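Reader: I would like a close look at the interior packing in this structure. Please start wherever the chain first catches your eye, then work inwards.

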Amino acid sequence: LNELKDPIVTCKQIASRLHISDTTVHYAFMRYVDMNRLPLSCIISIDEVHLDLDNKHRYAMVIMDFISNEIIDILPGRGKAVTDAYFASIPIEERNRVEFVASDMYKPYIAYSGVIFPHAVPVVDSFHVISWLLNKINLYINDVKKRYQAEDKKKLSELNYKTNRNHKTISESRE
């Protein structure tokens with residue numbers, strides 16, 4: 001734990017120096033360090049970070065104050081068993097003060113609004129909105145590309161049939 005006091009050193013570096021696994025370093029930290037959470041703000045962000053500590057703890061949930069960018073708390077998992085108990089331990093008066101919950105499009109996070117945070121509105125963060133839009137644009141472009149490739153293949157097949165030859169290629173369409 002003394003090794004973890006240096007904010008520049010990673011768990012992997014500590015594990016290598018002590019000849020243990022980085023998972024052991026993570027578990028030691030989680031077992032012996034009890035950090036009190038910060039109070040919830042009116043706008044919180046919820047996301048996960050991939051840790052893959054073990055089969056039960058692949059993701060840690062990070063709850064941030066959207067306004068100050070401070071980490072409110074980090075949960076060892078994002079599963080219902082972990083999150084339900086955690087949020088139930090926060091007084092309803094404090095949860096009622098949350099007005100917006102910003103997250104990705106993970107359905108359980110969106111469902112927190114109205115259930116865990118009764119007065120909050122779910123908001124999908126801009127990073128995930130842009131990622132979703134770019135994905136849709138790429139899918140559309142690939143569909144158009146495949147359609148023109150299919151047309152070119154059909155033209156090649158027709159040309160081979162008409163000329164009774166086996167042309168391997170045909171000049172690609174302008175599209």
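Author: His-19 is found in the loop between helix H1 (11-18) and helix H2 (22-32). The model is a predicted one. His-19 is not a glycine, yet its phi is positive, about 60°. Most residues other than glycine have a negative phi. His-19 is also exposed, at 74% relative accessible area. A second residue of this kind is Asn-164, with a positive phi near 55°. Asn-164 belongs to the segment after helix H6 (126-163). Asn-164 counts as exposed too, with a relative accessibility of 72%.

Now to the interior. The largest nonpolar core has 17 residues. Those with the most contacts inside this core are Ile-44, Ile-46, Met-61, Ile-63, Phe-87, Tyr-112 and Phe-117. Strand E1 (43-54), E2, E3, H3 and H5 each supply at least two residues of this core. In soluble globular proteins, nonpolar side chains tend to be buried together.

Take the strands next. E2 (residues 57-65) and E3 (residues 71-75) run antiparallel, joined by four bridges. They form a hairpin, with five residues between the two strands. Asn-69 sits in the turn and has a positive phi of about 65°. One bridge partnership involves a core residue: Met-61 is partnered in E3 by Leu-75.

Met-61 deserves a closer look. Residues up to four places away in sequence are not counted here. Beyond them, Met-61 touches Ile-46, Asp-47 and Glu-48. Met-61 also touches Asp-73, Ile-74, Leu-75, Gly-77 and Arg-78. Thr-83, Phe-87, Tyr-109 and Tyr-112 complete its list of contacts. Arg-78, one of those contacts, has another partner: its charged end sits over the ring of Tyr-59, 4.2 Å from the ring centre. A similar arrangement occurs at Tyr-148, where Arg-147 lies over the face of the ring, 5.6 Å from its centre.

Helix H3 comes next. In H3 (residues 80-88), Thr-83, Tyr-86 and Phe-87 are buried. Viewed down the axis of H3, these buried residues fall within an arc of 90°, so they line one face of the helix. The general rule fits here: an α-helix has 3.6 residues a turn, so residues three or four places apart point the same way. Ala-81, Ala-85 and Ala-88 are exposed on the other side of H3. What do the buried residues of H3 pack against? Their neighbours are E2, E3, helix H4 (92-96) and helix H5 (107-115).

The rings add detail to this picture. There are five aromatic pairs in the structure. In one of them, Phe-87 and Tyr-112 meet edge-to-face, 5.2 Å centre to centre, with 65° between the planes. Phe-87 belongs to H3 and Tyr-112 to H5, so this pair ties together parts that are 25 residues apart in sequence. Both partners count as buried: Phe-87 has a relative accessible area of 1%, and Tyr-112 has a relative accessibility of 5%. Tyr-106 and Tyr-109 form another pair, with centres 4.7 Å apart and planes at 80°, so this pair is edge-to-face as well. Here the two partners differ in exposure. Tyr-106 is partly exposed, with 28% relative accessible area, whereas Tyr-109 is buried, at 0%. Ring pairs link a wider cluster of Tyr-86, Phe-87, Tyr-106, Tyr-109, Tyr-112 and Phe-117.

Strand E4 (residues 100-103) brings in Ser-103. Ser-103 counts as buried, at 2% relative accessibility. Its contacts, leaving aside neighbours within four places in sequence, are Ile-46, Tyr-109, Ile-110, Val-123, Val-124 and Asp-125. Ile-46 and Tyr-109 also appear among the contacts of Met-61. The C-alpha atom of Ser-103 is 5.9 Å from that of Asp-47, although the two residues are 56 apart along the chain.

Gly-114 makes a useful contrast. Gly-114 lies in H5. Gly-114 is partly exposed, with a relative accessible area of 47%. Between Gly-114 and Ile-14 there are 42 Å in space, C-alpha to C-alpha, for a separation of 100 residues in sequence.

Notes. Residues are numbered from 1 along each chain as its sequence is written. This is a predicted model: local features need pLDDT of at least 70, side-chain atom pairs count only at pLDDT 80 or more; totals for chains, interfaces and linings use all residues. Side-chain values use heavy atoms; hydrogens and water are left out. Two strands pair if DSSP finds at least two bridges between them. Buried means under 20% relative accessible area, exposed over 50%, partly exposed in between (1.4 Å probe, protein chains only). The arc is that of the directions from the helix axis to the C-beta atoms. Contact means heavy atoms within 4.5 Å. Rings of Phe, Tyr and Trp (its six-membered ring) pair if their centres lie within 6.5 Å; planes under 30 degrees apart count as stacked, over 60 as edge-to-face and the rest as tilted. A charge sits over a ring if NZ of Lys or CZ of Arg is within 6 Å of the ring centre and within 35 degrees of the ring normal. A nonpolar core is a set of buried Ala, Val, Leu, Ile, Met, Phe, Trp, Tyr and Cys residues joined through side-chain atoms within 4.5 Å.
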